[in-house]
Amino acid sequence: MTAIATLALGLGLFAAEPVAPATHSVVIDHPSGRVDARYGGSIVVEHKQVGAVAPPGRAGTLRCAWTARLSVDRVATTASAGSASRSFVTKPVLNGSRPGWCNRTAIDQEVAARLPDTGVHLADAARADQPVLRAEVDRLHGPA
């Protein structure tokens with residue numbers, strides 16, 4: 001019975017993400033040896049309620065502005081068992097606006113329809129992270 005409740009709770013948490021999490025791996029050659037970097041990314045949607053509800057007979061200005069960003073976690077291991085980890089959030093990958101109150105379910109569905117695969121954005125984030133990763137490995141083992 002506990003396993004069923006735990007499974008249901010886990011599925012509920014997974015369903016809250018508009019797009020399935022993505023993974024990406026990169027191998028970097030460094031003078032100290034091979035560096036394996038694993039990236040995991042998930043979409044995070046920020047909501048902002050703007051405008052106001054108007055009295056009857058007047059047009060309201062209530063809108064929900066939203067922004068979707070990629071939240072990235074990187075774990076890198078070096079040949080000498082050193083590790084460097086980093087978490088960061090990318091610039092917005094999508095944004096939009098909907099009339100009325102913020103309906104998170106509808107916005108998540110829109111994000112999922114407009115952004116079916118986060119792999120491309122995660123690969124871009126990994127490419128942009130390479131100089132930072134190299135600098136961290138240099139600090140661990142010394143520059144070339």
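Two strands count as paired if DSSP finds at least two bridges between them. Keep that in mind for the hairpin exercise below. The model you are looking at is predicted.

**Exercise 1. Get your bearings: how many helices and strands does the chain have, and in what order do they run?**

Step 1. Count the elements: the chain has three helices and five strands.

Step 2. Walk along the chain from the N terminus, and the order reads α-β-β-β-β-β-α-α.

Step 3. Look at how the chain folds back on itself. Among contacts between residues at least 6 apart in sequence, 64% join residues at least 24 apart. Of the 144 residues, 29% count as buried. The accessible surface comes to about 8900 Å², and 58% of that belongs to carbon and sulfur atoms.

**Exercise 2. Find which element has the lowest mean pLDDT and which the highest.**

Step 1. Start with the whole chain: the average pLDDT is 85, and 86% of the residues score at least 70.

Step 2. Now go element by element. Helix H1 (residues 2–15) has the lowest mean, 36, while S3 has the highest, 96.

Step 3. Check the stretch around H1. Over residues 1–16 the pLDDT is below 50, and this stretch has three contacts in the model beyond near neighbours in sequence.

**Exercise 3. Examine the S3–S4 hairpin: what is the sign of phi at Ala-81, and is this residue buried or exposed?**

Step 1. Apply the opening definition. Seven bridges join S3 to strand S4 (residues 83–89), and the two run antiparallel. Because pairing asks for at least two bridges, S3 and S4 pair, with seven bridges between them.

Step 2. Find one facing pair: Thr-77 stands opposite Ser-83 in S4.

Step 3. Move to the turn. S3 and S4 form a hairpin with four residues between them, and Ala-81 lies in this loop.

Step 4. Read off the backbone angle. Phi of Ala-81 is near 70°, a positive value in a residue other than glycine.

Step 5. Decide on exposure. The cut-off for exposed is over 50% relative accessible area, so Ala-81, at 69%, counts as exposed.

**Exercise 4. Describe the largest nonpolar core: how many residues does it have, and which elements supply at least two of them?**

Step 1. The core has 25 residues, and those with the most contacts inside it are Tyr-39, Ile-43, Val-111 and Leu-133.

Step 2. Strand S1 (22–30), strand S2 (33–50), strand S3 (63–78), helix H2 (104–114) and helix H3 (119–141) each supply at least two residues. S3 gives the largest share, six residues.

Step 3. Take Tyr-39 as a sample. Beyond its neighbours within four places in sequence, Tyr-39 is in contact with residues including Val-26, Val-72, Leu-122 and Leu-133.

Step 4. Turn to H2. The buried residues of this helix are Ala-106, Ile-107, Asp-108 and Val-111, and they pack against S2, S3 and strand S5 (94–99). At the start of H2, a side-chain oxygen of Asn-103 reaches to within 3.2 Å of the backbone nitrogen of Thr-105.

**Exercise 5. Compare three residues of helix H3: are Leu-122, Asp-129 and Glu-136 buried or exposed, and what do they touch?**

Step 1. Place them: Leu-122, Asp-129 and Glu-136 are in helix H3.

Step 2. Use the cut-off for buried, under 20% relative accessible area. Leu-122 is buried at 1%, Asp-129 is buried at 1%, and Glu-136 is buried at 15%.

Step 3. List partners for Leu-122. Not counting residues up to four places away in sequence, Leu-122 touches Ala-22, Thr-23, His-24, Tyr-39, Gly-40, Gly-41, Leu-70 and Val-72. One of these, Thr-23, is 99 residues away in sequence but 7.5 Å away in space, C-alpha to C-alpha.

Step 4. Do likewise for the acidic pair. Leaving aside neighbours within four places, Asp-129 is in contact with Tyr-39, Arg-74, Arg-86 and Phe-88. With the same exclusion, Glu-136 is in contact with Arg-74, Ala-84, Ser-85 and Arg-86.

Step 5. Find their polar contacts. The side chains of Asp-129 and Arg-86 are joined by one of 2.3 Å, and the side chain of Glu-136 makes one of 2.8 Å with the side chain of Arg-74.

Terms used. Residues are numbered from 1 along each chain as its sequence is written. This is a predicted model: local features need pLDDT of at least 70, side-chain atom pairs count only at pLDDT 80 or more; totals for chains, interfaces and linings use all residues. Side-chain values use heavy atoms; hydrogens and water are left out. A nonpolar core is a set of buried Ala, Val, Leu, Ile, Met, Phe, Trp, Tyr and Cys residues joined through side-chain atoms within 4.5 Å. Buried means under 20% relative accessible area, exposed over 50%, partly exposed in between (1.4 Å probe, protein chains only). Contact means heavy atoms within 4.5 Å. A polar contact is a pair of N or O atoms within 3.5 Å; within protein, one must be able to donate a hydrogen and the other to accept it, and residues adjacent in sequence count only if both atoms are side-chain atoms. Accessible areas come from the Shrake-Rupley method with a 1.4 Å probe; for residues, only the protein chains shown count as cover. pLDDT is the predictor's confidence in each residue, from 0 to 100.
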